[in-house]
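Let's walk through a protein structure together, one step at a time. Keep the picture open beside you as you read.

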Amino acid sequence: MATIQQITAHWNPMLASEWYNRMEQTKNRLRDHVHIKQLTGEATFIDQLGLVEMNQKTSRMATTVLDEMDTYQRVINSTEYDKAIGFDEFDASKLTPQTVPVMETVQKLQQAAERQAEKVIVQGIIGTNTERVVSGGVASFNNLTLPGSQEVAINFNYDGTTANKGLTYDKLVRAKRILMKNEGLHADTPDDQLCCAVTSGQIEDLAQDIRATNRDYVSAVEQLNNGDTDMFLGIKFLRLAETAFDTYDVGPDTAMKLPLWMKSKVCFGMRDETSISIDRRPDRSNALQIRAAMACGASRMQEEGVVLLPCKVNTI
């Protein structure tokens, strides 16, 4: 015998007809804060002129001495990236009344490309770069890393204490001194910009340090911590995701290296701008493929224009 039910048993739930995004970073936050150059070929060379100094003249009508111009050549290698998302030929029918998220997937791929380009810039600032050297008509390539003179110790404190710390006022001031010493930070370059990539945790550490040691800056750092401004001590702070930086161990502590740089001394370029294609794949039962591809690279223009700030990572 059939079971008797009330009318409420026949109510149907509202079925989804729209896709919603979860929280995520959607833009490359560093692109506007480095030098941009169009890349070509497998590698792009950046030609640079060296320092020229005057010679003292010691006699009348002496023979003129001609010196060679010192030059440098930085290499930016293009790395290729792609990502493909597929949907089965019957997904549209099975999802009804929901739709196959084609345009939403295109947007997701564009955002993924933005984040990948940002990671490339971070590694170009922090990691190993390449220079081209020609000697005796033969070209060779050398790896370049940031020297210890371009790094502030993780336990640097003006008060002489040696505890490892996160981002602090003292570290920022010492980093600016290093750039000034290298002639990277001065009034002769008003159009340049001093930038620092940080995480939310390091902004919090800086705020706590300021409250404890430099109360004159409490108001300014609170605006930075609250997101009301991205400037502090003449530095433009660019907040990135925690995953943008590699971590390593320093004794019992976990640390990461934050880069501080002059905008003109870091170069980023796209060899191939992000392209997205939508195709049917007969080799995959006519599945729908949405694919993004791009090629880009980044490098320091000069090691003296970048300072690393090793910081203790304080987890929540």
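Let's begin with a term: a patch is made of residues with over 30% relative accessible area and no salt bridge, and nonpolar side chains are joined into one when they lie within 5 Å. With that in hand, look at the surface of this predicted model. Leu49, Val52 and Met69 form a nonpolar patch there, and together they have about 320 Å² of accessible area.

Take Met69 from this patch. You will find Met69 in the loop between β2 (43–49) and β3 (71–77). Its relative accessible area is 44%. Partly exposed is the word for values between 20% and 50%, so Met69 counts as partly exposed.

Now follow the strands on either side of that loop. β2 and β3 pair in the antiparallel sense, over seven bridges. One example to look for is Phe45, whose bridge partner in β3 is Val75. These strands belong to an open sheet of four strands, in the order β2-β3-β5-β6, with antiparallel pairing. β2 and β6 (138–144) are the edge strands, as each pairs on one side only. From one strand to the next, the twist averages 30 degrees.

Finally, let's go inside. The largest nonpolar core has 53 residues, and Leu172, Phe237, Trp261 and Leu309 touch the most other members. Helix α2 (residues 102–126) gives this core its largest share, six residues. Another core, of seven residues, lies apart from it; among its residues are Val100, Leu109, Ile290 and Ala292.

Conventions
Residues are numbered from 1 along each chain as its sequence is written. This is a predicted model: local features need pLDDT of at least 70, side-chain atom pairs count only at pLDDT 80 or more; totals for chains, interfaces and linings use all residues. Side-chain values use heavy atoms; hydrogens and water are left out. Patches are made of residues with over 30% relative accessible area and no salt bridge: like charges are joined within 9 Å, nonpolar side chains (Val, Leu, Ile, Met, Phe, Trp, Tyr) within 5 Å. Accessible areas come from the Shrake-Rupley method with a 1.4 Å probe; for residues, only the protein chains shown count as cover. A salt bridge is a side-chain nitrogen of Lys or Arg within 4 Å of a carboxyl oxygen of Asp or Glu. Helices (H or I, at least four residues) and strands (E, at least two) are DSSP runs, numbered from the N terminus. Buried means under 20% relative accessible area, exposed over 50%, partly exposed in between (1.4 Å probe, protein chains only). Two strands pair if DSSP finds at least two bridges between them. Axes are lines fitted to C-alpha atoms, for helices over the stretch in contact, and angles run from 0 to 180 degrees between N-to-C directions. A nonpolar core is a set of buried Ala, Val, Leu, Ile, Met, Phe, Trp, Tyr and Cys residues joined through side-chain atoms within 4.5 Å.
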